[in-house]
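Q: I would like to look closely at one part of this protein and then see how the rest is arranged around it. What classes of residue form the lining of the second largest pocket, and how many belong to each? Please explain this carefully, one step at a time.

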Amino acid sequence: MARKTCPMNLSFIVTLMFVLCGSNMNVCRGEWEYKWSKEAAEEAEAVAAIECSGHGRAYLDGLVLKGHQPVCECNPCYTGSDCSKLLSNCSANAGSGDPYFLEPFWMRHAASSAILVSGWHRMGYFYSDGSYISQLLVEHIKKVHAIVGNAITEGKYIVFGSGSTQLLNAAVYAFSPDTSSHSPAKVVATPPYYPVYRTQTEYFNARNFSYEGSTSSWINKTDSSSTFIEFVTSPNNPDGKLTKGVLEGDNVKQINDRAYYWPHYTAIPSPADDDLMIFTISKLTGHAGSRFGWAIIKDEAVYEKMLTYLDMNTMGVSREAQLRALKLFDVVLEGDDGKEIFKFAYSTMRHRWTKLKETISKSKRFSLQKLSSQYCTFFKRERDLSPAYAWLKCEREEDKNCYEILEAAGISGREGSLYSADNHYVRLSLIRSKDDFDILINKLNTLVAKQ
């Protein structure tokens with residue numbers, strides 16, 4: 001039996017061929033022919049094919065200018081034109097929070113996560129609705145939160161910032177009173193805490209807010225004469241604990257930093273429903289360099305003040321950053337009910353934490369923060385630990401500066417005083433590349449064996 005075919009108007013076919021032949025891709029000779037995008041795609045593919053011995057990466061940046069060849073940028077402790085040489089006596093980099101542990105996931109999804117941007121992509125200041133914020137991206141963010149179950153977004157407002165860093169200060173500004181009628185807001189946090197809360201607040205030194213140290217100094221002192229702005233980080237950076245606010249009262253405002261409230265790093269016991277929550281793509285997908293974060297806000301007045309801050313500060317996040325974030329969220333949402341990246345990330349982090357605990361358990365000189373397993377609504381079971389950082393303690397009284405002890409053993413971390421804590425503590429990053437983690441474990445094993 002002959003296959004049935006649908007009749008098609010000849011003029012429509014001619015018109016379609018004319019449009020395709022005059023567009024950026026055409027099928028006039030029976031195959032797709034890419035015009036303006038072809039060279040850019042070939043350049044990107046050529047750079048991606050450079051393996052750098054698996055201990056580094058070549059990036060497209062070096063190919064933008066004609067005549068420049070891409071070079072391998074090696075992981076710490078590796079060198080050579082192809083990053084194949086391991087340096088002896090090199091310190092383990094466990095200081096920075098660059099989330100390279102997610103790089104293998106994105107290499108698996110190279111095609112679906114890639115973007116080719118035209119030279120005329122969104123050259124104006126605004127989207128077509130007159131805002132700085134992609135509404136499609138807002139909807140994708142809401143979908144991810146709904147799948148993960150880590151935040152309630154319904155009926156709330158969302159603003160974008162250049163990473164969570166910009167949003168933290170925007171939130172302080174939004175919660176601060178008008179100094180013409182009120183005293184400056186007192187900004188506080190509970191040690192150990194992320195040092196940017198203090199350093200950024202002190203740096204801007206605004207007339208309507210000031211940094212006032214630890215929350216412990218203000219318990220039972222939150223009278224109505226001042227506004228208090230409390231930073232609450234959950235899970236906490238550096239120790240990974242799920243925390244809650246300390247201060248109480250109608251004049252206490254909380255900025256809830258939820259950067260690590262993802263199944264990679266912690267159990268999700270319930271969706272967060274805080275008045276103001278801040279998230280960042282760096283700890284969700286690992287793309288710290290894209291500088292994209294978002295705040296979820298209950299109160300419209302606070303939302304409007306944050307928008308004003310971001311308008312005056314940067315006139316919104318770059319359209320390229322929003323486009324990349326949109327593409328990344330799209331990949332996060334695809335397949336396996338949107339759980340693939342979280343399964344990969346959790347498996348990686350759990351493995352690393354297990355190896356670290358095995359090493360430190362052999363020592364009486366060092367200890368790790370105590371965290372309990374907890375039921376996770378995302379995985380629908382009680383799950384093992386997988387914090388982003390080890391909050392390592394030197395137990396000997398004479399080891400007054402644990403950072404120096406580790407540094408002498410070839411391990412670079414971050415000392416406790418940076419987090420307003422005792423220097424018997426050091427933060428070690430577990431979210432860097434596999435090379436970085438392997439070197440860290442080897443150095444720790446050597447140190448523990450010598451005690």
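A: In this predicted model, the lining of the second largest pocket is made up of nine nonpolar, seven polar and 10 charged residues. The space in this pocket comes to about 500 Å³. The lining holds 26 residues, and those closest to the centre of the pocket are Tyr-100, Glu-103, Ser-433, Lys-434 and Asp-435. Several elements supply at least two residues each to this lining, namely strand 3, strand 4 (72-74), helix 3, helix 11 (340-360) and helix 13 (434-450).

To place these elements, it helps to look at the domains. The protein is divided into domain 1 (39-90), domain 2 (135-336) and domain 3 (338-450). Domain 1 and domain 3 each give at least three residues to the lining of the second largest pocket.

One of the elements that supply this lining, helix 11, can be followed a little further, since Thr-359 is placed in this helix. Thr-359 counts as buried because its relative accessibility is 4%, and the limit for that word is under 20%. If the neighbours within four places in sequence are left aside, the contacts of Thr-359 are with Ile-441, Leu-444, Asn-445 and Val-448.

Strand 4, another element that supplies the lining of the second largest pocket, leads on to a detail of the backbone. Cys-77 is found in the loop between strand 4 and strand 5 (78-79), and the phi angle of Cys-77 is near 80°, which is a positive value in a residue other than glycine. With a relative accessible area of 6%, Cys-77 is buried. A positive phi also occurs at Asn-220, where the angle is near 65° and the residue is again other than glycine. Asn-220 sits in the loop between strand 10 (209-214) and strand 11, but in contrast to Cys-77, which is buried, Asn-220 is exposed, with a relative accessible area of 80%.

The largest pocket makes a useful partner for the one you asked about, and the space in it is about 2,000 Å³. Its lining has 41 residues, and the closest to the centre are Tyr-59, Leu-60, Ala-114, His-287 and Arg-324. The elements giving two or more residues to this lining are helix 2 (36-48), strand 3 (56-58), helix 3 (103-108), helix 4 (110-113) and helix 10 (319-333). Helix 2 gives the most, with seven residues. By class, the lining of the largest pocket has 26 nonpolar, six polar and nine charged residues. Because domain 1 and domain 2 both give residues to this lining, the largest pocket lies between them. The C-alpha centres of these two domains, domain 1 and domain 2, are 35 Å apart.

Helix 4, one of the elements named for the largest pocket, also marks the start of a loop that deserves a look. Phe-126 lies in this loop, between helix 4 and helix 5 (135-148), and it counts as partly exposed at 44% relative accessibility. Although Phe-126 and Arg-319 are 193 residues apart along the chain, their C-alpha atoms are separated by 8.9 Å. Arg-319 is also among the contacts of Phe-126, which are Ser-131, Tyr-132 and Arg-319 once neighbours within four places in sequence are left aside.

Two further loops carry cis peptide bonds. The bond from Pro-191 to Pro-192 is cis, with omega near -5°, and Pro-192 is in the loop between strand 9 (185-189) and helix 7 (196-204). The bond from Ser-234 to Pro-235 is likewise cis, with omega near -5°, and Pro-235 belongs to the loop between strand 11 (228-233) and strand 12 (252-257).

Finally, a word on confidence. The average pLDDT of the protein is 90, and 90% of the residues score at least 70. Residues 1-30 should be read with that score in mind, for their pLDDT stays under 50, and the model has 22 contacts beyond four places in sequence for them.

Definitions and conventions:
Residues are numbered from 1 along each chain as its sequence is written. This is a predicted model: local features need pLDDT of at least 70, side-chain atom pairs count only at pLDDT 80 or more; totals for chains, interfaces and linings use all residues. Side-chain values use heavy atoms; hydrogens and water are left out. On a 1 Å grid over the protein atoms alone, a cavity is a set of points where a 1.4 Å probe fits but cannot get out, and a pocket is an open set with protein on both sides within 12 Å along at least five of seven lines; lining residues have an atom within 4 Å of a point. Grid points are joined across faces, edges and corners, and a volume is the space filled by probe spheres set on the points. Helices (H or I, at least four residues) and strands (E, at least two) are DSSP runs, numbered from the N terminus. Ala, Val, Leu, Ile, Met, Phe, Trp, Tyr, Cys and Pro count as nonpolar, Asp, Glu, Lys and Arg as charged, and the others, Gly among them, as polar. Domain bounds come from an automatic or database domain assignment. Buried means under 20% relative accessible area, exposed over 50%, partly exposed in between (1.4 Å probe, protein chains only). Contact means heavy atoms within 4.5 Å. pLDDT is the predictor's confidence in each residue, from 0 to 100.
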